[in-house]
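Here are my notes for someone opening this entry for the first time. Have a look at the fold, then go through the points in order.

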Amino acid sequence: MSLDRLAPAIFVFLWSTGWVTAKYAVYYTGPLTFLCLRYLFAGLLLWFICWVSSIPWPRTLTEVFRAILSGVFLHGLYLGMIWWAIGQGVPAAIGGIIAGLQPLMTAVAARFMIAEKISPMQRAGLVIGFAGITIAVLPKVMAGGSTGLSVPLYAVAVNVLGMTSVTFATLYQKKYVQGGNIMAIATLQYVGALLVTVPFALLLEDGHIDWSFGLAATLAWSVGAISIGAVALLLYLIRRGQVSRAASLIYLVPPLAAVEAALLFGETLTPAMIAGTVLAVTGVYLTNRKPSGTVAAR
């Protein structure tokens, strides 16, 4: 089976574990401080891989700048805002709905930034996928009662800004960072991520770190599986196809994360979550399904 077929499934699984990782990480340090450690070790490991493998770096300062800038939005602002918002009390259910906005935002913005055409079937898939996410997580929001309504509005706004940031980063990546080795680009992106995250971590957190085996294990998975494995697959998917198709995979992340939370933390899987997941999978299938004419032309 080719990487083109395996990459989406592997990416969704690895990316979904970020929600579980976030739950473990806060036991040992602040969310932004953990992200600083994650970016630092991921950047160093990628640099070592590039050095050992003699991977070429971008040749011009413009290419270097664009790679770093994409990292500012893709990692620094996106994850920084999301993790900080969760720390301010934004429930995972609300975060799941907001995450579901990203593929829709990407599809709309892609028409203006990179002139990407979306077929009627893809539009239907994006809408169905968002409906599935809403059905899956809305009962949790409603069950929160007054607790759900007491979430600070500014924290929700920051969460939405995080989605806007990753939307822009995805389109910027497609338009300006198409060339160069993926490993070298990813290394520079973590430089950009640190430029944003370190100042905010110093400003908003006390820097306490509980050095332990649990932290090491959480950091190892976060660096190896997510920051390197999942991100490399995301960059590969963006280069290989439409950004709308790549972004639609985000619909599968909250449902899969819910399954992982049920297995690891004992959280309940409701009928609404199961039904919403089926809709989300249907939406992703329609968005990524290639027209029959495309296959016949090969």
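**Notes on the fold, the cores and a buried arginine**

1. Going along the sequence, the protein chain reads α-α-α-α-α-α-α-α-α-α-α-α-α. Counted up, the secondary structure is 13 helices and zero strands. Keep in mind that this is a predicted model.

2. How do the contacts spread along the sequence? Take those in the protein chain between residues at least 6 apart: 93% of them join residues at least 24 apart. So when you pick a contact of this kind, expect to scroll along the sequence for its partner, because 93% of such contacts join residues at least 24 apart while contact itself means heavy atoms within 4.5 Å.

3. Now for inside and outside. The protein chain has 298 residues, and 48% of them are buried. About 14300 Å² of the protein chain is exposed, with carbon and sulfur atoms supplying 72% of that area.

4. Which residues touch the most other members of the largest nonpolar core? They are Phe11, Trp15, Tyr78, Trp83 and Tyr190, in a core of 55 residues. Helix H9 (residues 213–240) gives this core its largest share, 14 residues. There is also a second, separate core of five residues, and Ala67, Tyr172, Val177 and Ile185 are among them.

5. Phe11 is a good place to zoom in. Setting aside neighbours within four places in sequence, Phe11 is in contact with Ala230, Leu233, Leu234, Leu237, Leu249 and Ile250.

6. Next, have a look at Arg38, which sits in helix H2 (residues 31–52). Is Arg38 buried or exposed? Arg38 counts as buried because its relative accessibility is 4%, and the cut-off for buried is under 20%.

7. What surrounds Arg38? Beyond its neighbours within four places in sequence, Arg38 is in contact with Leu79, Trp83, Leu219, Ser222, Val223, Ile226 and Ser227. One of these, Trp83, came up in point 4 among the residues that touch the most other members of the largest nonpolar core. With Ser227 there is also a polar contact: the two side chains are joined at 2.6 Å.

8. Last, the cysteines. How many disulfides does a search of the whole structure find? The result is zero. Cys36 is buried, because its relative accessible area is 13%, and Cys50 counts as buried too, because its relative accessibility is 1%. For a reader new to the term, a disulfide is a covalent bond between the sulfur atoms of two cysteines.

Conventions:
Residues numbered from 1 in each chain as written. Predicted model: local features only at pLDDT ≥ 70, side-chain atom pairs only at ≥ 80, totals over all residues. Heavy atoms only, no water. Disulfide = S-S within 2.5 Å. Buried < 20%, exposed > 50% of the residue type's maximum accessible area, 1.4 Å probe, protein only. Helix = DSSP H or I, 4+ residues; strand = E, 2+ residues; numbered from the N terminus. Polar contact = N/O pair within 3.5 Å; in protein donor to acceptor, adjacent residues only side chain to side chain. Areas by Shrake-Rupley, 256 points an atom, 1.4 Å probe, with all protein chains shown as cover. Core = buried A, V, L, I, M, F, W, Y, C linked by side-chain atoms within 4.5 Å.
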